[in-house]
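Biologist: Could you take me closely through the surroundings of the ligand in this model, and then follow the structure outward from there into the parts that lie beyond it?

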Amino acid sequence: MAVDPDKVDGRQAPRQFAKLSYDRFREMAQDPQLSASEKIGYPDQFRDGCEPAIFADFCNKLPALNRPGATVLDIGCGCGELTRMLIAHCQAQQQRLLLVDSDEMLQQLPGGGDALRIAGRFPEQLAGALGAQLGAGADAIICYGVLQVAFLDANPFRLLDEAMALLAPGGALLLGDIANASKLRRFLCSDAGRHFHKAYMRSESDPEVPAFAPPGDRIDDAVVLGLMQRARNAGFDAYVLPQPAALPLSNRREDLLVTRP
Ligand SMILES: C[S@@+](CC[C@H](N)C(=O)[O-])C[C@H]1O[C@@H](n2cnc3c(N)ncnc32)[C@H](O)[C@@H]1O
């Protein structure tokens with residue numbers, strides 16, 4: 001069975017979750033038919049209930065999240081349970097939190113609280129304003145599930161450059177939940193991937209993974225490793241890290257962690 005880039009775990013994902021642009025997220029945020037996870041582009045089964053494990057992974061990869069008084073920036077925060085957990089966490093830790101997303105998305109979050117909400121598209125509409133707001137920079141920057149959007153409709157290298165520029169010395173940027181088509185291909189060619197595919201598809205057929213298939217508008221190893229190298233060439237440390245195996249998309253997604261020495 002051929003592997004379709006628009007499928008999630010082999011089964012056809014609803015079209016509305018494929019190839020989402022910034023503007024499409026703005027529309028989805030306002031769609032009353034969608035659940036909280038669907039508004040941020042995840043079918044419920046790939047997000048609901050996983051938020052505590054994702055948040056624990058944030059705290060492992062971004063040590064400043066465990067430090068009272070730290071400055072935390074979330075670029076493309078969405079409006080789901082994960083963001084609500086981050087708001088509560090930062091409040092409890094007396095951390096300064098800045099949330100960036102479209103106005104339509106930010107409006108879906110509960111009101112009140114100390115978090116500063118900044119509406120607009122990063123970096124095109126916001127890089128300068130954010131730099132001014134942050135002053136000495138952010139100790140932790142979360143940018144989770146956003147890179148594939150920038151890859152589709154903007155310049156992911158510029159997003160990286162501008163996000164790194166907002167880091168305080170010693171700070172860390174998590175470009176997380178990067179959908180990597182090369183990683184998915186490797187998985188589907190393994191015994192584990194073949195088992196997974198057959199069970200999920202309820203089929204006896206192996207997945208078909210054509211050699212040398214062009215990645216199209218999907219991120220692949222070349223992009224992930226190119227971003228890592230770009231960060232290093234700009235004077236930052238950068239690492240590609242796995243997601244915990246318990247996360248639902250860990251077999252095809254990974255994280256890029258960038259730290260300012
Ligand atoms: C897949 S969702 C992830 C939301 C959240 N980070 C999470 O994991 O729960 C991607 C989010 O990034 C936002 N987004 C995409 N591109 C953006 C950009 N250039 N600037 C600001 N927000 C952006 C979308 O509106 C959407 O809310």
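Modeller: What follows begins with the ligand and its contacts, and then turns to the cores, the helices and a few individual residues.

This is a predicted model, and everything below should be read with that in mind. Around the ligand there are 18 residues, and those that come nearest are R47, G76, D101, F122 and Y144. By character, the residues of this shell divide into 11 nonpolar, 4 polar and 3 charged. Several polar atoms of the protein can be placed precisely with respect to the ligand. A polar backbone atom of G76 is 2.8 Å from a nitrogen atom of the ligand, and a backbone N or O atom of Y144 likewise lies 2.8 Å from a ligand nitrogen. With D101 the side chain is involved, since one of its N or O atoms is 2.7 Å from an oxygen atom of the ligand. On its own the ligand has 600 Å² of accessible area, and the protein covers 97% of it.

F122, one of the residues that come nearest to the ligand, also takes part in a notable piece of backbone geometry. The peptide bond that joins F122 and P123 is cis, with an omega of about -5 degrees, and P123 sits in the loop between β5 (116–119) and α6 (127–134).

From the ligand we can move to the nonpolar interior. The largest nonpolar core has 40 residues, of which F58, L86 and L99 touch the most other members. The elements that give two or more residues to this core are α1 (22–29), α3 (51–61), α4 (81–92), β4 (96–101), α5 (103–106), β6 (138–144) and β7. Leaving aside neighbours within four places in sequence, L86 is in contact with F55, L65, V72, D74, L97, L99 and I142. Another core, of 34 residues, lies apart from the largest one, and A150, A163, L167 and L256 are among its members.

Helix α4 holds I87, which is buried, with a relative accessible area of 16%. When residues up to four places away in sequence are not counted, I87 touches L97 and L99. The C-alpha atoms of I87 and A115 are separated by 6.9 Å, although these residues are 28 apart along the chain. In the loop between α4 and β4 one finds Q94, which has a positive phi of about 50 degrees although it is not a glycine. Q94 counts as exposed, at 66% relative accessibility.

Helix α3 also belongs in this picture, with E51, I54, F55, D57, F58, C59 and K61 as buried residues. They pack against α2 (36–39), α4, β6, β7, β8 (237–242) and β9. Strand β9 contains L257, a buried residue with a relative accessible area of 10%. Not counting residues up to four places away in sequence, L257 touches K61, L62, A172, L173, L174, D237, A238, Y239 and L241. L257 and L73, by contrast, are 184 residues apart in sequence and 15 Å apart in space, C-alpha to C-alpha.

A further helix to examine is α9 (residues 181–188), which is largely enclosed by the rest of the structure because 6 of its 8 residues are buried. These buried residues are A181, S182, K183, L184, F187 and L188, and what covers them includes β7 (167–179), α10 (191–201), α11 (221–233) and β9 (253–259). At the start of α9, the backbone nitrogen of S182 is reached to within 2.8 Å by a side-chain oxygen of N180.

The last residue to mention is F212, in the loop between α10 and α11. F212 has a positive phi of about 60 degrees although it is not a glycine, and it is exposed, with a relative accessible area of 80%.

Notes. Residues numbered from 1 in each chain as written. Predicted model: local features only at pLDDT ≥ 70, side-chain atom pairs only at ≥ 80, totals over all residues. Heavy atoms only, no water. Near = heavy atom within 4 Å. Polar contact = N/O pair within 3.5 Å; in protein donor to acceptor, adjacent residues only side chain to side chain. Areas by Shrake-Rupley, 256 points an atom, 1.4 Å probe, with all protein chains shown as cover. Nonpolar A, V, L, I, M, F, W, Y, C, P; charged D, E, K, R; others polar. Buried < 20%, exposed > 50% of the residue type's maximum accessible area, 1.4 Å probe, protein only. Helix = DSSP H or I, 4+ residues; strand = E, 2+ residues; numbered from the N terminus. Contact = heavy atoms within 4.5 Å. Core = buried A, V, L, I, M, F, W, Y, C linked by side-chain atoms within 4.5 Å.
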